[in-house]
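This briefing walks through a few helices and the way they pack. Please keep the sequence and the structure open while reading.

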Amino acid sequence: ILYRGNHQARVFEKALMTNRIPYKISGGTSFFSRSEIKDIMAYLRLLVNQDDDNALLRIINTPKREIGAATLEKIGSLANQLHISLFDACCAPELSDELSAKSLACVRHFANWIVALADNAVRAEPAEAVRDLIRQSQYEAYLFETSASTKAAEMALKNVNELFRWITEMLKGDEEHEPMTLAEVVTKLTLRDMMERQEQQDDADQVQLLTLHASKGLEFPYVFMVGMEEGIL
């Protein structure tokens, strides 16, 4: 699939992912490789599975919550000692012996927030829980504080909103696809990300997405040229 600019890839990524068709983006950054998408996905993975230690490590202090490396090290030690997940260690009574009152309050506040959101996702409306997660985490403000420019922050925020829209659509379902639970949606998106990383290593049988410029000199048996309209090309 050839297009003028990488921004055009997103709608095709979504369609290919929804229909379980493997694909590879050449020369551009895939949607799931963007740091803001990895952050929100880590939040969602933790929301549906509090035992996901990697997800917790990515976002417990993103945005900053005054939970630094020393605090995380103590949480990790306690988790190893008690043979429990990092999240369970955040909630364990024994943690009060390891941390200062201030650090403990920050960790407990984070853990309680995740528990409340996870409960809301199961009992109430999952799309609302995801919206609350993005809003209450103050991730938007974090993007504007940490991005290289306002334009970069706006683009990142647009990606986050796009992810939220995908999730909402998958939760609702349509004529072709059954409605999914939040856990099913997160599993599907996580598998897509894992497949993508695997496919980047293999020269697998997959749809190539690239710009017309990047395709110079290459040959393909079947080519779709998209966005062939005034103002784009």
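A residue is called buried here when its relative accessible area is under 20%, and exposed when that value is over 50%. With those cut-offs in hand, the points below describe a predicted model, taking helix H4 before the pair formed by H7 and H9.

**Helix H4: length and faces**

- Helix H4 covers residues 69–82, and because a helix is expected to advance 1.5 Å a residue, its 14 residues should span 20 Å, which agrees with the 20 Å that separates its end C-alpha atoms.
- Thr71, Ile75, Gly76, Leu78 and Ala79 are the buried residues of H4, and since they fall within an arc of 165° when seen down the helix axis, they line one face of the helix.
- The other side of H4 carries Ala69, Ala70, Glu73, Asn80 and Gln81, which are exposed.

**Helix H4: surroundings**

- The buried residues of H4 pack against two helices, namely H5 (86–91) and H6 (101–123).
- Histidine 83, which comes just after H4, takes a positive phi of about 55°.

**Helices H7 and H9**

- The axes of H7 (residues 126–136) and H9 (residues 150–172) come within 10 Å and cross at roughly 165°; because angles over 145 degrees count as roughly antiparallel, H7 is roughly antiparallel to H9.
- The crossing of these two helices, H7 and H9, is right-handed.
- Where they meet, H7 contributes Pro126, Ala127, Val130, Arg131 and Ile134, while H9 contributes Val160, Phe164, Ile167, Thr168 and Leu171.

Notes: Residues numbered from 1 in each chain as written. Predicted model: local features only at pLDDT ≥ 70, side-chain atom pairs only at ≥ 80, totals over all residues. Heavy atoms only, no water. Helix = DSSP H or I, 4+ residues; strand = E, 2+ residues; numbered from the N terminus. Expected span 1.5 Å × (residues − 1). Buried < 20%, exposed > 50% of the residue type's maximum accessible area, 1.4 Å probe, protein only. Arc of directions from axis to C-beta. Contact = heavy atoms within 4.5 Å. Axes fitted to C-alpha atoms, helices over the stretch in contact; angles between N-to-C directions. Parallel < 35°, antiparallel > 145°, perpendicular 65-115°, else oblique. Left-handed = near helix turned anticlockwise from the far one by under 90°.
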